[in-house]
Protein chains: 2
Amino acid sequence: MAVSLYQLVVDAHDLPALARFWCQVLDWQVLFEDEHEIVIGADARALPGICFVPVGERKTVKNRLHIDLSPDDREAEVERILGLGASLAEVGQGEDVTWTVLADPEGNEFCVLRPKKTLLD
Amino acid sequence: MAVSLYQLVVDAHDLPALARFWCQVLDWQVLFEDEHEIVIGADARALPGICFVPVGERKTVKNRLHIDLSPDDREAEVERILGLGASLAEVGQGEDVTWTVLADPEGNEFCVLRPKKTLLD
């Protein structure tokens, strides 16, 4: 018996806009889209994907789950992602950290780390 | 220029207990552990992993991000995961859905879907 990590689901208001933002960030594509969900991924067999679903509630507190991204060049990637519609976020991270905290267009926090290739880097 | 999806970070209170729960759910292992974080993954090169970090705040609202799992056998996996310390969760999903909503020991909602192999299944 087993389960595998299939997708990360993100509650959203403007599904097409948020899916487009994350496709541009990750260089992924929209794989499926209807009024109930938009699924994005590198390709259909590259798990996990990200699925955006509609919700009524606005975001009220810092998310308890967030994405960490590994860049090839942190400074350049932060600039690129800010240009796509992200904003700098303040979550009490201090100034001496090796990552940059951003928020996507709906306020979901995520981090751009220093370049890493494995989970032990 | 590029970024890749490196890890999902989960705010936690009892890091070792939550890491152990998710290792058992996913058949993953602890790759790194200190007082600031516990990183788990299938292996160090299988991205993304999951990283548990300590926070002071308790969970107050439904998470805006959650994990969907693909099982080989939904009913059996739901029973197995409930036995590991998960609980059934009610998020307004109704009765006619093809997935089961659970919460991990710290209340983080996640879903066990019907079996799927690709993001287009």
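Select Leu8(A) and Ile67(B): in this predicted model, Ile67(B), in strand 5 of chain B, is the bridge partner of Leu8(A). Extend the selection to strand 1 of chain A and to residues 65-71 of chain B, which form strand 5. The two strands run antiparallel and are joined by seven bridges.

Next, show the whole sheet to which these strands belong. The sheet is open and has eight strands, in the order 2(A)-3(A)-4(A)-1(A)-5(B)-8(B)-7(B)-6(B), with mixed pairing. Which strands stand at the edges? They are strand 2 of chain A and strand 6 (87-88) of chain B; each has a single partner strand, so one side of each has no neighbour in the sheet.

Stay in the chain A part of the sheet and select strand 3 with strand 4 (residues 49-54). This antiparallel pair is held by three bridges. Val39(A) is found opposite Cys51(A), a residue of strand 4 of chain A.

Now select helix 2 of chain B, residues 74-83, which packs on the sheet. The helix touches strand 1 of chain A, and within chain B it touches strand 5, strand 6, strand 7 (100-103) and strand 8 (109-112). Its direction makes about 15° with that of strand 7 of chain B.

Turn to the interface as a whole. Contacts involve 57 residues of chain A and 57 residues of chain B. The buried area between the chains is about 5000 Å², and carbon and sulfur atoms give 61% of it. Between chain A and chain B, 23 residue pairs are in polar contact, counting those with both residues at pLDDT 80 or more.

Colour the side of chain A that touches chain B by element. At least two residues come from each of strand 1 (3-12), helix 1 (15-26), strand 2 (29-33), strand 3 (38-41), strand 5 (65-71) and helix 2 (74-83) of chain A. Strand 1 of chain A gives the most, with nine residues. By residue class, this side of chain A has 30 nonpolar, eleven polar and 16 charged residues.

Finish with the charged pairs. Over all chains the structure holds six salt bridges, and two salt bridges are found across the interface of chain A and chain B. For one of these, select Lys62(B) and Asp11(A), whose closest N and O atoms are 2.7 Å apart. Why does this pair join two chains? Lys62(B) sits in the loop between strand 4 (49-54) and strand 5 of chain B, while Asp11(A) belongs to strand 1 of chain A, so the pair links the two chains.

How values were computed: Residues are numbered from 1 along each chain as its sequence is written. Chains are lettered from A and ligands numbered from 1 in the order in which they are written. This is a predicted model: local features need pLDDT of at least 70, side-chain atom pairs count only at pLDDT 80 or more; totals for chains, interfaces and linings use all residues. Side-chain values use heavy atoms; hydrogens and water are left out. Contact means heavy atoms within 4.5 Å. Buried area is the accessible area (1.4 Å probe) that two parts lose on being put together, summed over both. A salt bridge is a side-chain nitrogen of Lys or Arg within 4 Å of a carboxyl oxygen of Asp or Glu. A polar contact is a pair of N or O atoms within 3.5 Å; within protein, one must be able to donate a hydrogen and the other to accept it, and residues adjacent in sequence count only if both atoms are side-chain atoms. Helices (H or I, at least four residues) and strands (E, at least two) are DSSP runs, numbered from the N terminus. Ala, Val, Leu, Ile, Met, Phe, Trp, Tyr, Cys and Pro count as nonpolar, Asp, Glu, Lys and Arg as charged, and the others, Gly among them, as polar. Two strands pair if DSSP finds at least two bridges between them. Axes are lines fitted to C-alpha atoms, for helices over the stretch in contact, and angles run from 0 to 180 degrees between N-to-C directions.
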